Amino acid sequence: MATSKTYQAFIQEQLAPIGEVRMRAMMGGYIVYYKDKVIGGLYDDRFLIKPTAAARALMPEAPLELPYEGAKEMLLVERMEDPAFLRELLEAMYPELPEPKKKKR
């Protein structure tokens, strides 16, 4: 099952106040970027993020789920209607995420 446009629009709206968040369609889902670093994605109408130490600390009860078969497990974000929490989460994760890969020319 792919991520619906309705769910994508809802998540985009929830993350909009944070700024510097963008999404890119990818194989029926969306990759989510914060300040040009990949933080996670939308998969089958679920917002999953990379399981960084900061994300685990802020969401200790969050279940680990597979975005798709063969992928690494990611944390399910369930507090989507709490903008202060979402900002704290993304800002806490940011330093732990790898730098974006340089584009080849």
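These legends accompany close-up views of a predicted model of one protein chain.

**View 1. The whole chain folds from 3 helices and 6 strands.** From the N terminus, the elements follow the order α-β-β-β-β-α-β-β-α. The radius of gyration is 13 Å, close to the 13 Å from the globule rule for 105 residues, so the chain is as compact as a globular protein of that length. Along the principal axes, the C-alpha atoms fill a box of roughly 35 × 30 × 30 Å. Of the 105 residues, 41% are buried. Among contacts with a separation of 6 or more, 49% link residues 24 or more positions apart. The accessible surface is about 6600 Å². Carbon and sulfur atoms hold 53% of that surface.

**View 2. The strands make an open sheet of 6 with antiparallel pairing.** Across the sheet the order is β1-β2-β3-β4-β6-β5. The edges are β1 and β5 (64–65), and each of these pairs on one side only. Towards the β5 side, β4 pairs with β6 (residues 74–76) in the antiparallel sense, over 2 bridges. In this pair L48 faces L76 of β6.

**View 3. Strand β3 takes part in two hairpins, one with β2 and one with β4.** β2 and β3 run antiparallel and are joined by 5 bridges. Here Y30 stands opposite L42 of β3. The β2–β3 turn has 2 residues between the strands. K35 in this turn has a positive phi of about 50 degrees. On to the next hairpin: β3 and β4 are also antiparallel, with 4 bridges. G41 stands opposite L48 of β4. This turn, too, places 2 residues between its strands, and D44 has a positive phi of about 50 degrees. β3 itself is mostly covered, with 6 of its 7 residues buried.

**View 4. The largest nonpolar core holds 25 residues.** Within this core, L15, F47, I49 and L89 touch the most other members. At least two residues each come from α1 (5–15), β1 (21–26), β2 (29–34), β3 (37–43), β4 (46–49) and α3 (83–93). The top contributor is α3, with 5 residues. Apart from this core lies another, of 6 residues. Y33, Y43, L48 and M74 are among the members of that second core.

**View 5. F47 is one of the core residues that touch the most other members.** Which residues does F47 contact, leaving aside neighbours within four places in sequence? Y7, I11 and L15 are among them. V32, I39, G41 and L42 also belong to the set. L75, L76, V77 and M80 complete the list.

**View 6. T52 sits in the loop between β4 and α2 (53–58).** Is T52 buried or exposed? Its relative accessibility is 9%, so T52 counts as buried; the cut-off for buried is under 20%. Beyond residues up to four places away in sequence, T52 touches M93, E96 and L97. With E96 there is also a polar contact between side chains, at 3.4 Å.

Note on methods
Residues numbered from 1 in each chain as written. Predicted model: local features only at pLDDT ≥ 70, side-chain atom pairs only at ≥ 80, totals over all residues. Heavy atoms only, no water. Core = buried A, V, L, I, M, F, W, Y, C linked by side-chain atoms within 4.5 Å. Buried < 20%, exposed > 50% of the residue type's maximum accessible area, 1.4 Å probe, protein only. Contact = heavy atoms within 4.5 Å. Polar contact = N/O pair within 3.5 Å; in protein donor to acceptor, adjacent residues only side chain to side chain. Pairing = 2+ DSSP bridges. Rg over C-alpha atoms; globule rule 2.2 N^0.38 Å. Areas by Shrake-Rupley, 256 points an atom, 1.4 Å probe, with all protein chains shown as cover.
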